[in-house]
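Student: Please take one part of this structure and go through its surroundings closely. I would like to see how that part relates to the rest of the chain.

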Amino acid sequence: MGFLMDLYILKIGGSACTEKAKNVCEAKTGVIRQIAREIKAAQAEKEFKLILVHGAGPFGHKLVSDYGINNGVRTGRQVEGFVRTHNSMLALNKIFLDIFSEEGLNAVSIPPLACIVQSGKKIRRFDYSLVKKLLGVSIIPVLHGDMVFDDRLGASVVSGDAIIPFLAKKLGAKKVFFGTDVAGVFTADPKRHPGAKLIKEIHPRNIGVILRKVSGPSAVDVTGGMKGKLLEMKSILRGIDAFVFDATKNGNVLNLLLGKPVTGTKITF
């Protein structure tokens with residue numbers, strides 16, 4: 001399915017929108033507001049459709065880890081963890097929606113729990129009809145990582161990084177932007193290794209080497225950090241350009257939406 005105007009999918013990772021490194025459930029409201037203002041500014045200059053997906057940070061990963069529900073939900077305590085994790089994600093989501101509303105953006109939440117069923121931690125069914133309807137009337141659908149029902153495990157985590165390639169393929173997104181708190185994909189964690197080098201392009205010829213270099217998550221991240229993102233993109237995101245960038249840096253979201261150059265990592269599969 002295609003739209004008359006370009007469709008972009010913007011992911012705001014947990015490292016960019018929450019205090020992920022401190023492992024506390026606090027949103028970076030200043031960053032979220034800056035992003036909202038830049039989306040609004042881009043809308044004033046150009047017509048486009050936008051889906052926003054935000055990560056979980058400690059709002060999701062910490063509870064999933066504490067309750068041991070990354071590999072299924074079977075016991076009463078795990079059901080409690082399922083509920084608490086979902087409700088925690090709704091709380092983070094509400095912060096996004098409230099700020100977006102204050103900045104004059106029309107955005108509506110679509111909780112993945114209501115439209116996705118997984119099987120063995122992989123998306124099996126996804127009713128994305130509401131996403132299409134909202135885009136049709138120029139409303140920004142806002143999705144996020146969540147706990148969802150799972151045919152094999154009772155319930156499991158669906159990552160925003162799995163939702164994005166699925167929607168990009170089904171809806172014919174022109175570009176996918178992955179916002180983190182660093183300037184792209186590096187040869188090592190640039191926060192811990194000052195000599196880490198920015199990888200400017202990732203493509204089928206170098207992905208194998210890069211996957212060996214890219215470390216897993218340094219903070220609590222039950223979805224596998226950057227390595228998990230790359231593997232998810234590699235499996236589904238063929239023919240759609242993706243770009244990893246620093247969403248906390250002033251002007252980056254605006255420039256990407258307007259097609260202007262930004263420092264980061266271009267990914268093509």
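**The surroundings of His 144**

Tutor: Leaving aside residues up to four places away in sequence, His 144 touches Val 53, His 54, Met 89, Leu 90, Asn 93, Pro 111, Pro 112 and Ile 163. The model is predicted, so these contacts are computed from predicted coordinates. His 144 belongs to strand 6, which covers residues 140-144. Is His 144 buried or exposed? His 144 counts as buried because its relative accessibility is 0%, and the cut-off for that class is under 20%.

The sequence neighbour Leu 143 leads into the largest nonpolar core. That core has 38 residues, and Leu 143 is one of those that touch the most other members, together with Ile 9, Ile 51, Phe 126, Leu 167 and Ile 202. Two or more core residues come from each of strand 1 (7-12), strand 2 (49-54), helix 5 (129-136), helix 6 (160-171), strand 9 (175-180), helix 7 (207-213) and strand 13 (241-246). Helix 6 gives the largest share, seven residues. Nonpolar side chains tend to be buried together in soluble globular proteins.

Ile 9 shows what such a core position looks like. Not counting residues up to four places away in sequence, Ile 9 touches Ile 51, Val 53, Ile 164, Leu 167, Ala 168, Ala 173, Lys 175, Val 176 and Phe 177. Val 53 is thus a contact of Ile 9 and also a contact of His 144. A further core of 35 residues lies apart from the largest one, and its members include Ala 16, Phe 48, Leu 52 and Leu 256.

On the sequence side of strand 6 facing the N terminus, the loop between helix 5 and strand 6 holds Ser 138. Ser 138 has a phi of about 60 degrees, a positive value although the residue is not a glycine. Most residues other than glycine have a negative phi. With 48% relative accessibility, Ser 138 counts as partly exposed. Leu 135, by contrast, lies in helix 5 and is buried, with a relative accessible area of 1%. The C-alpha atoms of Leu 135 and Leu 7 are 8.9 Å apart, although 128 residues separate them in sequence.

Two loop residues elsewhere serve as references. Asn 23, in the loop between helix 1 (14-17) and helix 2 (29-45), has a positive phi near 55 degrees and is partly exposed at 25% relative accessibility. Arg 205 sits in the loop between strand 12 (201-202) and helix 7. Arg 205 is classed as exposed because its relative accessible area is 72%, over the 50% cut-off. Its C-alpha atom is 22 Å from that of Lys 174, which is 31 residues away along the chain.

At the level of the whole chain, the secondary structure amounts to nine helices and 14 strands. Of the 269 residues, 54% are buried. Among contacts with a separation of 6 or more, 75% join residues 24 or more positions apart. The radius of gyration is 17 Å, which agrees with the value near 18 Å for a compact globule with 269 residues. Along the principal axes, the C-alpha atoms fill a box of roughly 50 × 45 × 35 Å. The accessible surface is about 11,800 Å², with 52% belonging to carbon and sulfur atoms. There are 39 positive and 23 negative side chains, and the centres of the two sets are 6 Å apart.

Conventions. Residues are numbered from 1 along each chain as its sequence is written. This is a predicted model: local features need pLDDT of at least 70, side-chain atom pairs count only at pLDDT 80 or more; totals for chains, interfaces and linings use all residues. Side-chain values use heavy atoms; hydrogens and water are left out. A nonpolar core is a set of buried Ala, Val, Leu, Ile, Met, Phe, Trp, Tyr and Cys residues joined through side-chain atoms within 4.5 Å. Buried means under 20% relative accessible area, exposed over 50%, partly exposed in between (1.4 Å probe, protein chains only). Helices (H or I, at least four residues) and strands (E, at least two) are DSSP runs, numbered from the N terminus. Contact means heavy atoms within 4.5 Å. The radius of gyration is taken over C-alpha atoms; the globule rule is 2.2 Å times the number of residues to the power 0.38. Accessible areas come from the Shrake-Rupley method with a 1.4 Å probe; for residues, only the protein chains shown count as cover. Lys and Arg count as positive and Asp and Glu as negative; His and the chain ends are not counted. The place of a charge is taken as NZ of Lys, CZ of Arg, CG of Asp or CD of Glu.
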